[in-house]
Amino acid sequence: MSSPRTVIRGGLVVTASDEVHADVLVEEGRIAAVAASDSSAARSWTDAEVIDATGKYVIPGGVDAHTHMELPFGGTFASDTFETGTRAAAWGGTTTIVDFAVQSVGQSLRAGLDAWHAKADGRCAVDYGFHMIVSDVTDPVLKEMDILVEEGVTSFKLFMAYPGVFYSDDGRILRAMQRASGNGGLIMMHAENGIAIDVLVQQALAAGKTDPRYHGEVRHALLEAEATHRAIQLARVAGAPLYVVHVSAEQAVAELAAARDMDLPVFGETCPQYLFLSTDNLAEPDFEGAKYVCSTPLRPSEHQAALWRALRTNDLQVVSTDHCPFCFAGQKELGRGDFSKIPNGLPGVENRMDLLHQAVVDGHLTRRRWIEIACAAPARMFGLYPRKGTLAPGADADVVIYDPHAEQVVSARTHHMNVDYSAYEGRRLTGRVETVLSRGVTVVDRGEYTGRAGHGHYVPRGLSSYLA
Ligand code: URP
Ligand code: ZN
Ligand code: ZN
């Protein structure tokens with residue numbers, strides 16, 4: 001635990017807009033002041049507990065705007081609970097998650113949201129908010145969307161994929177978009193043509209193509225691009241903003257870029273798995289490829305250059321994890337002999353900040369862009385800024401002391417996510433989270449977990465700053 005007054009001294013403070021050698025004063029869980037390390041103001045902060053950050057970066061806690069703790073999917077549940085998943089987030093320097101509450105078909109949004117509150121309440125290590133997955137667009141549900149926006153659930157995910165589960169047809173999507181255009185909510189879209197994909201799935205299975213790699217082949221890049229294009233046009237017709245989740249295909253990036261060139265309020269995220277992994281992983285032998293089954297799917301590595309470029313040019317604004325872990329043993333194995341039965345999703349909430357720092361080391365991103373896409377932009381996009389995502393007076397004291405020179409090897413043996421494999425097993429990374437403060441409380445202290453379940457609070461969100 002930290003005292004009510006803490007000063008983080010001597011680090012390089014990196015935000016989305018600045019890099020400055022500065023000391024950070026924390027009082028009562030908030031950033032009280034940031035002042036140049038050699039300033040008289042910083043020297044006057046004498047009656048505080050000191051955290052020495054010499055040689056380290058001092059950065060805002062990460063904001064992961066796309067996680068699925070305990071998601072029911074493919075006949076099983078994502079293996080991280082809110083307790084284990086948010087603890088792993090803290091280990092990885094992420095101090096806020098926005099998870100997806102699910103409305104099942106026939107259910108009210110309220111019932112789905114209440115169920116997700118019950119899962120998370122009192123269990124989280126770091127702060128959390130909710131988006132709402134809308135699976136059943138009806139008149140009463142459209143009215144509920146207005147109420148949820150007022151309450152701080154200001155974004156709604158719709159699916160053009162997964163017929164019979166989460167899928168909405170174009171008419172339902174249009175109606176939800178029209179509602180969002182009236183109430184200020186942000187529609188998040190899973191943009192894949194699920195109807196066409198299901199035809200290709202049946203054809204592949206009938207031809208005896210049952211291995212995990214066929215998951216990538218049937219979920220064709222053009223079917224991501226087509227759905228992205230359609231979602232953009234529907235949003236235009238509705239006069240609504242649009243945020244496309246887990247973008248992986250360069251053709252889908254091109255659709256977003258074209259829309260943004262027309263000044264449309266269209267935004268997108270990608271995820272570390274699309275930046276660092278590829279169809280080569282899906283093709284790993286002995287069913288190991290199942291570890292990499294997610295949707296949208298991993299793409300051939302040639303797509304990665306377009307994703308990195310879009311992150312630099314701001315055609316993509318956010319990197320989230322889509323953390324949705326399933327153990328290889330007993331969960332991914334449900335799809336042996338039929339790739340369509342492999343539960344979709346990858347673990348990653350603990351790895352995002354480090355992988356993106358590696359992108360800085362490798363020259364894909366600047367340090368400030370790292371903080372922009374991992375902290376500031378997701379906070380702004382989802383109505384959490386400036387409370388989250390930056391280090392400025394008045395912000396929550398969610399702070400990471402980051403050692404940019406530490407070397408680590410990623411492994412399931414040492415990670416803290418509740419999943420029996422790592423998608424990045426054996427990868428060498430430069431940089432590591434050293435110490436993490438959540439609202440001024442030290443939850444990770446130089447390699448030791450000092451947090452607790454229940455420290456994390458639910459955070460109602462405002463409207464997206466990108467639409468103001
Ligand atoms: O494979 C994925 N992405 N699983 C989680 C559900 C979703 O579509 O985001
Ligand atoms: Zn999705
Ligand atoms: Zn997801």
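In the predicted model, the side chain of Asp 396 forms a polar contact with the side chain of Arg 387, at 2.9 Å. Asp 396 is located in the loop that runs between α14 (367–381) and β16 (399–409). The residue is buried, its relative accessible area being 3%. Leaving aside residues up to four places away in sequence, Asp 396 is in contact with Gly 29, Arg 30, Ile 31, Asp 127, Arg 387, Lys 388 and Arg 439. Arg 387 therefore appears both as the polar partner of Asp 396 and in its list of contacts, because heavy atoms within 4.5 Å count as touching.

The UniProt record, an unreviewed entry, assigns residues 57–442 to the feature "domain: Amidohydrolase-related". Helix accounts for 37% of the chain over residues 57–442 and strand for 19%. The C-alpha atoms at the two ends of this range are 16 Å apart.

Two zinc ions, ligand 2 and ligand 3, are separated by 4.0 Å. The zinc ion (ligand 3) is coordinated by His 66 through NE2, His 68 through NE2 and Asp 322 through OD, at 2.0 to 2.1 Å. Along the sequence, these donor residues follow the spacing H-x1-H-x253-D. The site joins distant parts of the chain: His 66 belongs to strand β6 (residues 62–67), whereas Asp 322 lies in the loop between β15 (318–319) and α13 (352–361), 256 residues apart. Both His 66 and Asp 322 are buried. The arrangement around the zinc ion (ligand 3) is irregular, because its four donor atoms subtend angles of 86 to 136°. The upper value is what excludes a tetrahedral assignment, since that class requires all angles to lie between 85 and 135 degrees. For reference, the ideal angle for four tetrahedral donors at a metal is 109.5 degrees.

For the zinc ion (ligand 2), the protein donors are Lys 157 (NZ), His 190 (ND1) and His 246 (NE2), at 2.1 to 2.2 Å. Their spacing in sequence is K-x32-H-x55-H. His 190 is part of strand β12 (residues 186–190) and His 246 sits in the loop between β13 (242–244) and α9 (250–261), so this pair connects parts that are 56 residues apart in sequence. His 190 is buried, with a relative accessible area of 0%, and His 246 is likewise buried at 0% relative accessibility.

Lys 157 is listed by UniProt, in an unreviewed entry, under "modified residue: N6-carboxylysine". Lys 157 falls within strand β11 (residues 155–159) and is buried, with a relative accessible area of 2%. Residues up to four places away in sequence excluded, Lys 157 touches His 66, Phe 100, Met 132, Ile 133, Val 134, Met 188, His 190, Val 245 and His 246. Among these contacts, His 66 is a donor to the zinc ion (ligand 3), while His 190 and His 246 are donors to the zinc ion (ligand 2).

The structure contains zero disulfides. Cys 327 takes part in none, and the nearest cysteine sulfur, in Cys 324, is 12 Å away. Cys 327 has a relative accessible area of 17% and is therefore classed as buried, the limit being under 20%. The sulfur of Cys 375 lies 16 Å from the closest cysteine sulfur, that of Cys 271, which is too far for a bond. Cys 375 is also buried, at 0% relative accessibility.

Terms used
Residues numbered from 1 in each chain as written. Chains lettered and ligands numbered in written order. Predicted model: local features only at pLDDT ≥ 70, side-chain atom pairs only at ≥ 80, totals over all residues. Heavy atoms only, no water. UniProt positions renumbered as here; feature names shortened; annotations may be inferred. Helix = DSSP H or I, 4+ residues; strand = E, 2+ residues; numbered from the N terminus. Donors = N, O, S within 2.8 Å, 3.2 Å for Na, K, Ca; no water. Tetrahedral: all angles 85-135°; square planar, octahedral: opposite > 155°, others 65-115°. Buried < 20%, exposed > 50% of the residue type's maximum accessible area, 1.4 Å probe, protein only. Disulfide = S-S within 2.5 Å. Polar contact = N/O pair within 3.5 Å; in protein donor to acceptor, adjacent residues only side chain to side chain.
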